[in-house]
Amino acid sequence: MQFKPARSALSLCLALSLTFSSVIPAQAQPVGIPSMGAASGAELSPALERTLGNAIMEQGRRSPEYVSDPDINQYLTDMGRRLAQYGPAMAQPVTVFVLRDSSINAFALPGGYIGIHSGLFTASQSESELASVLAHEIAHVAQRHVARGITQSAQSNHLLIAALAGALLGALAGSGDLAMGAAAFGQAAAVDRQLGFSRQAEQEADRVGFEMLLKAGYEPQGMVQMFQRLAAASRLNERATANEYASTHPMSQQRESDISNRVRGLPASSYQDTPSFWYIRAKLMVMQAGGGQSLRVLEQALQSTNQSQSDLERSAAQYGLAYIAQGRQDYEQARVHLTEARGQGQFQAPELDTLGIRIAIADRDVQGALNLAKQAWQRWPKSQGVALAYVQVLQQLGQNDQAQAFLTDRIKQWPDEPQLHQLLAKTYDRLGDGVKARRAMAQYYELVGALPTAVEQLQQARNLTQDFYQQSELDTQIRQLRERVESERVLLERFRS
């Protein structure tokens with residue numbers, strides 16, 4: 001059975017590109033945060049913010065730069081939500097994702113989505129440094145700096161909101177083209193860049209972010225260290241593309257001084273980096289390098305250990321070398337490096353076990369992979385990476401009943417993880433249940449924001465069954481989704497004129 005692909009919001013990319021290049025001048029936001037009245041609040045309500053964010057994510061996930069890795073996405077989103085619970089109340093949950101890009105950058109989308117460039121992650125020398133940037137971005141969202149900046153632009157020129165509304169109306173109608181998916185996040189980052197947050201907004205985000213960092217238990221000195229690192233990088237390299245974050249969030253001496261003063265006098269922190277930070281950092285280094293000379297240079301760097309590195313850092317280097325060897329299909333060498341990374345059992349992390357499972361799968365040792373997966377799941381029952389690797393093993397062994405039961409339980413555990421529903425659809429298809437397969441696929445498309453395609457999947461499911469009760473359930477689902485599409489259409493139509 002073949003599932004129809006989701007349709008992207010092509011016109012959204014074009015609207016963003018045209019609008020931001022012609023309507024909003026750089027550094028348009030004045031000093032201070034504008035007062036938000038009733039009209040402006042209606043123009044960028046939380047519902048509309050989520051609609052805009054979903055539309056960008058729906059097409060952007062198909063960008064080759066988008067990192068679709070469960071270990072990475074879960075780690076960052078968990079960090080973001082841990083920080084956000086100590087900040088101002090937010091209308092939407094935080095979702096963090098990574099783009100494979102060596103520049104040092106981060107940006108916020110409407111609706112609680114935050115993008116991190118791999119270069120920012122790999123430039124971080126501690127988990128607290130990374131958390132400090134994420135806390136700062138979450139503070140911008142929580143304080144509605146992004147929403148207010150966009151709304152202010154709409155107050156001065158309604159072309160922005162009108163163009164976005166028109167683009168999203170096209171997406172809701174199911175129109176679009178897959179070819180423009182790669183442009184989505186670049187244009188989204190341009191939104192963040194063109195807002196040009198004021199000094200007051202940046203200082204407020206520093207203050208709120210610092211409180212989140214402190215209350216979440218991270219090392220507060222990490223924010224000072226990251227500020228110093230970003231400022232130094234900005235001075236050493238004048239090209240904005242090399243350090244876009246320092247360009248869009250200027251690292252002024254005043255900001256660094258403010259945070260240093262807040263840190264001064266605080267008791268020493270005992271926070272220790274989690275192993276996952278170092279393993280994921282090493283994985284992103286490999287992903288970022290890609291291949292060729294860049295990968296060879298990275299491999300040499302990972303092989304060169306020194307006494308200044310901690311045992312955990314050296315373990316992460318071996319993990320990175322194992323990841324490189326797996327990519328070259330040198331599974332024997334991959335296992336050697338992975339054994340070194342474990343350090344005779346000194347280090348344990350879900351990332352190590354997930355890689356071990358995937359090496360066994362790639363080397364066609366499926367039974368060995370199953371044994372590893374069972375052990376890993378007992379150790380890491382909260383790891384999406386381990387869970388998805390386990391499902392892959394079950395499917396390769398043809399144990400589809402077990403895969404279906406396991407996935408059903410994992411969906412209860414993580415109901416908003418799209419890939420679980422996609423794998424469940426594949427499992428139902430192998431079990432010969434086309435109706436359930438399409439219903440699961442409809443849920444996948446709904447979660448990634450492709451509502452018209454979700455409706456199509458439900459209609460296909462209805463055509464495959466003669467069961468009255470199933471048809472009634474499907475009719476209800478189809479009606480509810482169509483009503484949702486219509487409500488979003490009405491919401492967006494208000495901003496076209």
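Over the ring of which residue does the charged end of Arg82 sit? The charged end of Arg82 sits over the ring of Tyr218, at 4.5 Å from the ring centre. The numbered points below concern a predicted model.

1. Overall make-up. The protein contains 25 helices and three strands. Of its 497 residues, 54% are buried. Among contacts with a separation of 6 or more, 72% join residues that are 24 or more positions apart.

2. The surroundings of Tyr218. Besides lying under the charged end of Arg82, Tyr218 takes part in one of the eleven aromatic pairs that a search of the whole structure finds. The pair between Phe97 and Phe107 may be described before it: these two rings are edge-to-face, with 6.1 Å from centre to centre and 75° between the planes. Phe97 belongs to strand β1 (residues 95-99) and Phe107 to strand β2 (residues 106-108), so that the pair links parts of the chain described as distant, ten residues apart. Phe97 counts as buried because its relative accessibility is 1%. Phe107 likewise counts as buried, at 1% relative accessibility.

3. The pair of Tyr218 and Tyr271. The ring centres of Tyr218 and Tyr271 are 5.1 Å apart and the planes stand at 55°, so this pair is tilted. Tyr218 is in the loop between α10 (199-215) and α11 (221-236), whereas Tyr271 is in the loop between α13 (253-263) and α14 (275-289); the pair therefore ties together parts that lie 53 residues apart in sequence. Although Tyr218 is in a loop, its relative accessibility is 4%, and Tyr218 counts as buried.

4. Further aromatic residues. A cluster of Tyr75, Phe121, Phe277 and Trp278 is linked by ring pairs. Elsewhere, Arg410 lies over the face of Phe406, and the distance to the ring centre is 4.7 Å.

5. Packing of α4 and α6. Two packed helices are described by the angle between their axes and the distance between the axes. For helix α4 (residues 70-84) and helix α6 (residues 127-142), the angle is about 65° and the axes are 10 Å apart. Their crossing is right-handed. On the α4 side, the contact is made by Tyr75, Leu76, Met79, Gly80, Leu83 and Ala84. On the α6 side, it is made by Glu127, Leu130, Ala131, Leu134, Ala135 and Ile138. Tyr75 thus appears both in this contact and in the aromatic cluster.

6. Packing of α16 and α17. The axes of α16 and α17 come within 8 Å and cross at roughly 165°. An angle over 145 degrees counts as roughly antiparallel, and α16 and α17 are therefore roughly antiparallel to each other. The crossing is left-handed. From α16, the contact involves Ser315, Gln318, Tyr319, Leu321, Ala322, Ala325 and Gln326. From α17, the residues in contact are Tyr331, Gln333, Ala334, His337, Leu338, Glu340 and Ala341.

7. Packing of α18 and α19. Helix α18 (residues 350-362) packs with helix α19 (residues 366-379) at an angle of about 165°, and the axes are 8 Å apart. These helices are therefore roughly antiparallel to each other. α18 passes α19 in a left-handed crossing. Asp353, Gly356, Ile357, Ala360 and Ile361 of α18 make the contact with Val366, Ala369, Leu372, Ala373, Ala376 and Arg379 of α19.

8. Two loop residues with positive phi. Gln329, a residue other than glycine, has a positive phi, near 65°. Gln329 lies in the loop between α16 (311-327) and α17 (331-342), and is exposed, with a relative accessible area of 58%. Gln344, also a residue other than glycine, has a positive phi near 55°. Gln344 is found in the loop between α17 and α18. At 84% relative accessibility, Gln344 counts as exposed.

9. Ala301 and Ala317. Is Ala301 buried or partly exposed? With a relative accessible area of 49%, Ala301 is partly exposed; the class of exposed residues begins over 50%. Ala301 has its place in helix α15 (residues 292-303). Its C-alpha atom is separated by 8.7 Å from that of Ala317, and the two residues are 16 residues apart along the chain.

Note on methods: Residues numbered from 1 in each chain as written. Predicted model: local features only at pLDDT ≥ 70, side-chain atom pairs only at ≥ 80, totals over all residues. Heavy atoms only, no water. Phe/Tyr/Trp six-rings, centres within 6.5 Å; stacked < 30°, edge-to-face > 60°. Helix = DSSP H or I, 4+ residues; strand = E, 2+ residues; numbered from the N terminus. Buried < 20%, exposed > 50% of the residue type's maximum accessible area, 1.4 Å probe, protein only. Lys NZ or Arg CZ within 6 Å of the ring centre and 35° of its normal. Axes fitted to C-alpha atoms, helices over the stretch in contact; angles between N-to-C directions. Parallel < 35°, antiparallel > 145°, perpendicular 65-115°, else oblique. Left-handed = near helix turned anticlockwise from the far one by under 90°. Contact = heavy atoms within 4.5 Å.
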